[in-house]
Amino acid sequence: MYVDHTVNGYTTDVTEAVSKAQQGMVTVTSYMETERIRSISGIIYSSSGEGCDILTNARIIEEDVRITVRFDNGIELDAEVLGSDAKSDLAVLRTHPEFQAEPMHLTDSDRIKQGEYMITVSGRRTDTLHSTVSFGVVSSPGQMFRAGDESSSPWLLSVIESDASLNQTNTGGPLLNLSGEVSAVLSQALTSYSASAGMIYGVCSNEARLIADEIRRDREVIRGYLGASGTNIEEMEVYQKSALNMSLEQIDGIYIIFVAVGSPAEEAGVLEGDILTGINETEIGNSRELMEMLYSLSPEETVQLHLIRQGETMTLEAVLK
């Protein structure tokens, strides 16, 4: 006697999230003349009368290549490169479809917690027309220090680390929450850069949004580098504040836990354990506000850093890089 115990037609939150996301996914392919070089994934970021803008990895862009975008409906179009950012490995492409393209929603990445479930999904592969899906959890939402070179300064990049799978197919695609919203844009370049085996990395949606908007506006990304990062005091528990001898009445600001060697922050005299509360005339309540502030500033710009050190307020002057 044969007994079938399988359950057919059963769906989960993962099933629903992948189905919701699929129409906002594309496959980005680069060609050298008629030969295909590589295919990765992309995210429909916006769609308007100016065109349909695709957020993907900068690594797809090379000299003398033609780039196409294949939508989930099977239509493939040539794409124009609006601009790219090597520090984050992000680029924005533009196409002009004659149909309505549905952008994906980028969530507020500041709300992502350690242990939260995450999903990777790719655009459809060019050989099988199937997408790839994997599942994991957030190891940590945090920051990655990326060293500079002769042509660019270092940068602290907001990333999500997860144990979901990353391959050639889904790099450039989204790391999704269970609502099918984009929490980060995945990158093999960032994953290879890290020494954490088995972990993948993506640029947090809040920073990806800043980068994409600046590329769409100015065709490039220019931001000031400070070289200090820390923990949002608004997220700290009472016992954490007590252990650090911090006033329980302190509810805003960033408790500095990392100052990069040779950075403007170090040169200005910022120390681990300082609390950053403002830059120039702008109050800084958390890391997102600091990130937004730095994207509004430029290298070589002089700024006033407002700090609290051991209960005393102070101001330091820093020259951004």
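1. Let's begin with the largest pocket of this predicted model, which has a volume of about 710 Å³. Its lining counts 26 residues, and those closest to the centre are Pro-141, Gly-142, Gly-230, Asn-232 and Glu-235. Try finding these five in the viewer before reading on.

2. Which elements give two or more residues to the lining of the largest pocket? They are strand E9 (133–146), E10, E14, E15 and H6. By class, this lining divides into 13 polar, eight nonpolar and five charged residues.

3. The second largest pocket holds about 300 Å³ of space. Of the 15 residues lining this pocket, Asn-245, Gly-273, Ile-275, Gln-310 and Gly-311 lie nearest its centre. Here the lining is made up of six nonpolar, six polar and three charged residues.

4. Now for the enclosed spaces. How many cavities of 30 Å³ or more does the structure hold? There are two, and the largest has about 150 Å³ of space. It is lined by 16 residues, with Gln-143, Leu-156, Ala-228, Leu-290 and Leu-294 closest to its centre.

5. Strand E10 (155–162), strand E14 (228–232) and helix H6 (287–295) each give two or more residues to the lining of the largest cavity. H6 makes the largest share, with four residues. Nine of the lining residues are nonpolar, six are polar and one is charged.

6. Helix H6 deserves a closer look, as its name comes up for both the largest pocket and the largest cavity. Its buried residues are Leu-290, Met-291, Met-293, Leu-294 and Tyr-295. A helpful rule: an α-helix has 3.6 residues a turn, so residues three or four places apart point the same way. Keep that in mind as you turn the helix on screen.

7. What covers the buried residues of H6? The cover includes helix H3 (205–218) along with the strands E10, E14, E15 (254–259), E16 (275–279) and E17 (282–283). At the start of H6, Asn-286 places a side-chain oxygen within 3.2 Å of the backbone nitrogen of Arg-288.

8. The second largest cavity has about 40 Å³ of space. Its lining consists of Gln-22, Met-25, Val-26, Thr-27, Arg-70, Phe-71, Asp-72, Gly-123 and Arg-124. Strand E1 (25–32) and strand E4 (66–71) are the elements that give two or more residues to this lining, and E1 supplies the largest share, three residues. The classes come out as three nonpolar, three polar and three charged residues.

9. Next, a single residue to look up: Val-65, in the loop between strand E3 (51–57) and E4. Setting aside neighbours within four places in sequence, Val-65 is in contact with Tyr-31, Met-32, Ile-37 and Ile-60. Val-65 and Arg-36 are 29 residues apart along the chain, and their C-alpha atoms are separated by 9.5 Å.

10. Finally, step back to the whole chain. The protein chain has six helices and 19 strands, and its C-alpha atoms fill a box of roughly 70 × 60 × 35 Å along the principal axes. The radius of gyration is 21 Å, which agrees with the value near 20 Å for a compact globule of 321 residues. Buried residues make up 49% of the 321. Among contacts with a separation of 6 or more, 61% are between residues 24 or more positions apart.

Note on methods: Residues numbered from 1 in each chain as written. Predicted model: local features only at pLDDT ≥ 70, side-chain atom pairs only at ≥ 80, totals over all residues. Heavy atoms only, no water. 1 Å grid on protein atoms, 1.4 Å probe; cavity = no way out; pocket = protein on both sides within 12 Å on 5 of 7 lines; lining within 4 Å. Points joined across faces, edges and corners; volume = space filled by probe spheres on them. Nonpolar A, V, L, I, M, F, W, Y, C, P; charged D, E, K, R; others polar. Buried < 20%, exposed > 50% of the residue type's maximum accessible area, 1.4 Å probe, protein only. Contact = heavy atoms within 4.5 Å. Polar contact = N/O pair within 3.5 Å; in protein donor to acceptor, adjacent residues only side chain to side chain. Rg over C-alpha atoms; globule rule 2.2 N^0.38 Å.
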